[in-house]
Amino acid sequence: MIGIEEPFKMSDDTFRLIRDFIRNYCGIYFDDGSKFLLEKRLSRRVENYLLNNFEDYYHFLMYDKRRDEELTSVIEILTVNETYFFREFSQLKALSDEIIPEIGERKKDRKRLRIWSAGCSTGEEPYTIAILILEKNLMPEWEIEILGSDINQRVLHAARRGIYRKNAFRSIDDHYIRKYFTDEGEGNYRIVDPVRSLVNFSLLNLVDPFKVRFVGKMDVIFCRNVIIYFDRDTKKKVINNFYDRLTEEGYLLLGHSESLMNISTDFMLRHFKNDLVYQKPTRSVLTGEMGWRR
């Protein structure tokens with residue numbers, strides 16, 4: 001066995017096999033210039049199973065009975081989980097000041113709001129949405145459900161705990177910390193129960209259309225700074241899944257560095273006062289009729 005002092009090397013052919021395996025499994029794509037990065041991150045996994053090389057590791061991922069457990073570890077190693085409360089505030093302001101009031105008017109007879117934070121990491125985004133709804137008393141007497149999903153079990157465990165340190169509050173006013181968190185000591189702050197009660201967390205692979213269907217219909221989907229790690233074909237699949245999950249006139253919010261250019265023409269781009277947001281058209285718009293409600 002090669003020791004840690006002599007790192008494992010990955011041939012170009014094996015890199016492409018492992019790279020494509022990971023892309024097909026979870027959508028994360030490593031281009032040809034990322035071989036060293038993938039090699040570096042997975043070398044310890046080869047050593048962990050006392051394998052001789054990356055070729056053996058590829059066969060392990062494909063056929064070993066422990067492959068599902070190993071894929072959980074691979075996802076934890078490869079995913080980026082940098083996030084914080086009230087990130088990209090202009091988009092959140094569009095949600096609270098413009099989008100939710102629109103939904104409130106459109107669905108005033110049903111009084112049910114469902115929001116999905118896809119790729120929620122450690123939970124700051126769905127909890128932020130819940131805080132905004134409570135702070136502005138946006139939907140009194142409505143049934144509200146916020147779903148946070150991620151493919152990384154470790155970050156979901158942290159999200160369910162709901163305990164955060166100061167670095168998660170870099171863009172949040174002290175008012176929100178005092179009102180919606182309890183000081184646990186030693187620099188730890190726990191989200192309060194009224195916020196927690198609005199949010200559920202689920203393990204979910206966005207490239208698995210069968211499991212995505214179980215999410216149900218959503219009024220709003222947040223998927224910010226996630227699809228940038230996918231290749232174009234995977235982006236198309238994920239965006240199509242979002243389109244199917246959105247209610248008519250539902251909203252899709254991507255990160256500010258992301259767009260649907262060359263990915264999908266199914267959505268309309270709404271110019272809100274606070275931000276630009278994608279919206280699923282009504283059936284009448286899709287058939288060429290004048291049915292876009294404002």
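Thr14 is buried, at a relative accessible area of 4%, where buried means under 20% relative accessible area, exposed over 50% and partly exposed in between (1.4 Å probe, protein chains only). This residue sits in helix 1; helices (H or I, at least four residues) and strands (E, at least two) are DSSP runs, numbered from the N terminus. Leaving aside residues up to four places away in sequence, Thr14 touches Phe54 and Glu55, contact being heavy atoms within 4.5 Å.

A word on the model itself. It is predicted, with local features needing pLDDT of at least 70 and side-chain atom pairs counting only at pLDDT 80 or more, while totals for chains, interfaces and linings use all residues. Residues are numbered from 1 along each chain as its sequence is written, and side-chain values use heavy atoms, with hydrogens and water left out.

Helix 1 (residues 12-26) also carries Phe21, which counts as buried at 12% relative accessibility. Phe21 touches Tyr58, Leu61, Met62, Arg67 and Leu71, again not counting residues up to four places away in sequence. Phe21 and Asn274 lie 253 residues apart in sequence and 40 Å apart in space, C-alpha to C-alpha.

Zooming out, the protein has 12 helices and 10 strands. Its radius of gyration is 21 Å, which agrees with the value near 19 Å for a compact globule of 294 residues; the radius is taken over C-alpha atoms, and the globule rule is 2.2 Å times the number of residues to the power 0.38. The C-alpha atoms fill a box of roughly 65 × 55 × 30 Å along the principal axes. Some 51% of the 294 residues count as buried. Of the contacts with a separation of 6 or more, 73% come from residues 24 or more positions apart.

Now for the sheet. It is open, built from 7 strands in the order 6-2-1-7-8-10-9, with mixed pairing; two strands pair if DSSP finds at least two bridges between them. Strand 6 (199-203) and strand 9 (268-271) are the edges, each pairing on one side only. Neighbouring strands are turned by 25° against each other on average, direction ignored. Axes here are lines fitted to C-alpha atoms, for helices over the stretch in contact, and angles run from 0 to 180 degrees between N-to-C directions. Strand 2 (residues 143-150) runs parallel to strand 6 over 5 bridges, and Ser149 has Ser202 in strand 6 as its bridge partner.

Two helices come up against these strands. Helix 11 (residues 232-245) packs on the sheet, touching strand 1, strand 7 and strand 8 (246-254), at about 140° to strand 8. Helix 6 (residues 124-135) lies across strand 1 (112-118), strand 2, strand 6 and strand 7 (218-223), at about 165° to strand 2. Helix 6 is mostly covered, with 10 of its 12 residues buried, including Tyr127, Ile129 and Leu132. Just after helix 6, Asn137 takes a positive phi of about 50°.

The largest nonpolar core (buried Ala, Val, Leu, Ile, Met, Phe, Trp, Tyr and Cys residues joined through side-chain atoms within 4.5 Å) has 43 residues, and those with the most contacts inside it include Phe85, Phe169 and Val220. Helix 6 gives the largest share of this core, 6 residues. A second, separate core of 25 residues includes Leu204, Leu206, Cys223 and Leu260.
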